Amino acid sequence: MSKENAAIKNKFGVEKLYSALGQELDKARENKTYKYEVPIEGKQSGVVKVDGKETVMLASNNYLGLANHPRILEAARKGLDEHGFGMASVRFICGAQKIHFELEERIAAFLGCEAAILHSSCFAANEAFFTGLMSNDYGQRDYRDIIYSDQLNHASIIDGIRLCRIATKTTDLKAYKHNDLAQLKHFLAEPDAEQYRIGVIVTDGVFSMEGEFAPLNEFVDLAKKNDVLLFVDESHSTGVLGKTGRGTPEECGVHGKIDVISGTLGKALGGAAGGFLTGKKELIEYLRQKSRPYTFSNTLPPPVVTAAIEAFKMLEEDSSLVVKLRENTDYFRKEIVRAGFTILEGIHAIVPVMVGEAAIAQDMSAELLKEGVYARGLWYPVVPQGEARIRVQISAAHERKDLDRALAAFEKVGKKLGVLK
Ligand SMILES: Cc1ncc(COP(=O)(O)O)c(C=O)c1O
């Protein structure tokens, strides 16, 4: 070891690393940015147990209530019995089961695309799309690619773009202001926009901090007009938006017109884990060869696959859960406003209840839990300063009495903390 390196090691080194980590954690606790996890007893559902107490769950993405639905549990059990627990290697080495291919076909058909590819999570799928697609010169020289990305896109999109740009150094990024189509149009019309080989517009279908969706009809037109791909992350939308749960494209009247959709099986579609990309056959087949998180990581466990197949079957059979979710959401949105709270208006099951300062959101979340209501507070830097909120997430698993209990607790705590007059 050189003298210089030895000096650096003496200055820091492994022991000091651990002590620095401890200090950073203490700082996070002091700043109230430390993330605490609440132990839940029993199964995820509309009402859960916390410290032995019945608690209305308003903080999970279990939009359709499938995490604990008898049909999903039965399908998972059957998957375990008939197909085993795991595959014990990656697909190109040990193969995949028929159920994996069946699930991919169902996903593509449901979302109006030609083909789909499973990943271990949507995080991995998003990373795979950017690094996989933009990792090849396709026989071209002196090319550059460009990504147009909403500034509020999910962390997995941000990380996927980062990784792709570090790896290829040939991809530019223009991050437009949240849902600001005027700025996006401006970027697309810039004189140098023509020089790019491939362009991709990237947006979340639904933005999880706001509970609002991207106007995909306008995005479809823009992408077509400018000959760029449109990529939409539908993690919070499939099973939630659209008359039949086909997500933001259905809500906006452009079902079947999105180039690439990514999504998760870890929210409305059973809530376990798993992600996917769906789009044109050539693109999906290409990603089977090039996606590193697909090539070098195990595929989904069979019980998760059979349960997800069942979730898609349920959505194809009828829209009763989608309708119940929408009715529950409409009811909660109307009643919380009637109680005097300010919310971000919309139609999605994510209902941000605005409370202003971080300290109020923190206290309110804690007081609500004491009242048997589990709802998460969000504050800066996750959302802009002064826009702290309690993010409520409604589920088809909620009954009217659960929502009424939650509303009564909001009123009581809101008055106690001075959010309501
Ligand atoms: C918009 C969005 N994309 C991707 C993900 C990641 O999904 P997964 O849990 O399947 O990795 C999330 C999860 O929070 C999300 O909200």
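For the classes used below, Ala, Val, Leu, Ile, Met, Phe, Trp, Tyr, Cys and Pro count as nonpolar, Asp, Glu, Lys and Arg as charged, and the others, Gly among them, as polar. The model is predicted: local features need pLDDT of at least 70, side-chain atom pairs count only at pLDDT 80 or more, and totals for chains, interfaces and linings use all residues. Residues are numbered from 1 along each chain as its sequence is written.

**Exercise 1. Describe the surroundings of the ligand by residue and by class.**

Step 1. A residue is near the ligand if its C-beta atom, placed from the backbone, lies within 6 Å of it. The ligand is surrounded by 13 residues, and the closest are Ser121, Cys122, Phe123, His154 and Thr264.

Step 2. Sorted by class, the shell around the ligand comprises nine polar, two nonpolar and two charged residues.

**Exercise 2. Determine the strand order of the sheet that contains β1, and place helix α16 against it.**

Step 1. Helices (H or I, at least four residues) and strands (E, at least two) are DSSP runs, numbered from the N terminus. Two strands pair if DSSP finds at least two bridges between them.

Step 2. The three strands form an open sheet in the order β1-β2-β14, and the pairing is mixed. Strands β1 (47-50) and β14 (373-374) are the edges, each pairing on one side only.

Step 3. Strands β1 and β2 (residues 53-57) run antiparallel and are joined by four bridges. Val48 stands opposite Thr55 in β2.

Step 4. Helix α16 (residues 400-416) lies across β1, β2 and β14, and runs at about 90° to β2. Axes are lines fitted to C-alpha atoms, for helices over the stretch in contact, with angles from 0 to 180 degrees between N-to-C directions. Contact requires that the C-beta atoms of two residues, placed from the backbone, lie within 7 Å.

**Exercise 3. Characterise the contact between domain 1 and domain 2.**

Step 1. The domain assignment, automatic or from a database, gives domain 1 (32-63 + 320-416) and domain 2 (70-317). Their C-alpha centres lie 28 Å apart.

Step 2. Each domain contributes 16 residues to the contact. On the side of domain 1 that touches domain 2, α14 (320-338) and β13 (350-356) each supply at least two residues; β13 gives the most, with three residues.

Step 3. This side of domain 1 has 11 nonpolar, five polar and no charged residues.

**Exercise 4. Compare the radius of gyration of the chain with that of a compact globule.**

Step 1. The radius is taken over C-alpha atoms, and the globule rule is 2.2 Å times the number of residues to the power 0.38.

Step 2. For 421 residues, the expectation is near 22 Å; the chain has 23 Å, which agrees.
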